[in-house]
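Work through the exercises below with the sequence and the model at hand. Each task is followed by a stepwise solution.

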Amino acid sequence: MTEKPASPVEPPRDPRQPADFDPIALGKTMLRSIRVGSLGTLDREGGHPFVTLTSVATDFDGTPIILVSRLSTHTGNLLAEPRASLMLSQGGKGDPLAHPRLTLQVNARQVAASSEEAGRLRHRFLARHPKAQLYVDFPDFLFFRLDLVRIHLNGGFARAFDGVAHHILTPVEDLDAFAALAASALDHLNEDHVEALSLYATALCGMAPGRWRASGLDPEGLDLTLGDQTARVAFSENVTDANALRRVLKDLAETARNQH
């Protein structure tokens, strides 16, 4: 089970760390925007750690989703022992160790192929990894939710954080209702607001111009993609209904135009 504290109070700031270091905001951004991670499982034969690369998406609450084949060693390991770890690295120029990386301790849970949950996760995963459409329905492929237990964030020198997973997850009371809102909103944005999406990416996220698409929506932000590139637009407030979403997106567009 995912470990949760008794209250949603933010963790205390370490006074030794730089004032501009916000581990929760950084951790949430990395969780939502990084498409590939290093998955560490426990080898079912000898028990040694076994690390592979895997494509990653997230559910609306931030829980990582992976799509794997039963023919893969790591899938057999997860079916035998659900305890695992996932590392997401931001990467960039220069020293690789100078860039943020997020390590997640997780319990992997197989999602039944015929369940409503599987349909929701399929949609979320394909929005982030459209090329997976080629094999997502193969009979040997299955989805896992990686239920978060603890997190470790290394943001560079004097920028580290350890804590329970609750801090970077996003509570969603009704997943099905939010899924319907997200599907409608994404279709509308991609059909009628292409210019605004490009403006979000360039003015708010510092990305290069292009035909950006909205690939994901959750209560705390909007995910954008252009080919293999991703960007994340954080909301100023949690969004749970269409009226709040329209207001937040309008405010973001105005901010983006003023910065453009």
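The exercises cover one helix residue, its helix, and one strand with its partners.

This is a predicted model, in which local features need pLDDT of at least 70, side-chain atom pairs count only at pLDDT 80 or more, and totals for chains, interfaces and linings use all residues. Residues are numbered from 1 along each chain as its sequence is written, and side-chain values use heavy atoms, with hydrogens and water left out.

**Exercise 1.** Decide whether Glu 117 is buried or exposed, and list its contacts.

Step 1. Glu 117 lies in helix H3, residues 116–128; helices (H or I, at least four residues) and strands (E, at least two) are DSSP runs, numbered from the N terminus.
Step 2. The relative accessible area of Glu 117 is 18%. Buried means under 20%, exposed over 50%, partly exposed in between (1.4 Å probe, protein chains only), so Glu 117 is buried.
Step 3. Leaving aside neighbours within four places in sequence, Glu 117 contacts (heavy atoms within 4.5 Å) Arg 109, Val 111 and Arg 145.
Step 4. Other buried residues of H3 include Leu 121, Phe 125 and Arg 128.

**Exercise 2.** Find the strands that pair with E5 and the residues opposite Ser 85.

Step 1. Two strands pair if DSSP finds at least two bridges between them.
Step 2. Strand E1 (residues 36–42) pairs with E5 in the antiparallel sense over three bridges, with Gly 40 opposite Ser 85.
Step 3. E5 and strand E6 (residues 101–110) are also antiparallel, over seven bridges; here Gln 105 stands opposite Ser 85.
Step 4. Ser 85 belongs to the uncovered face of E5 (residues 83–89), whereas Leu 86 is on the covered face.
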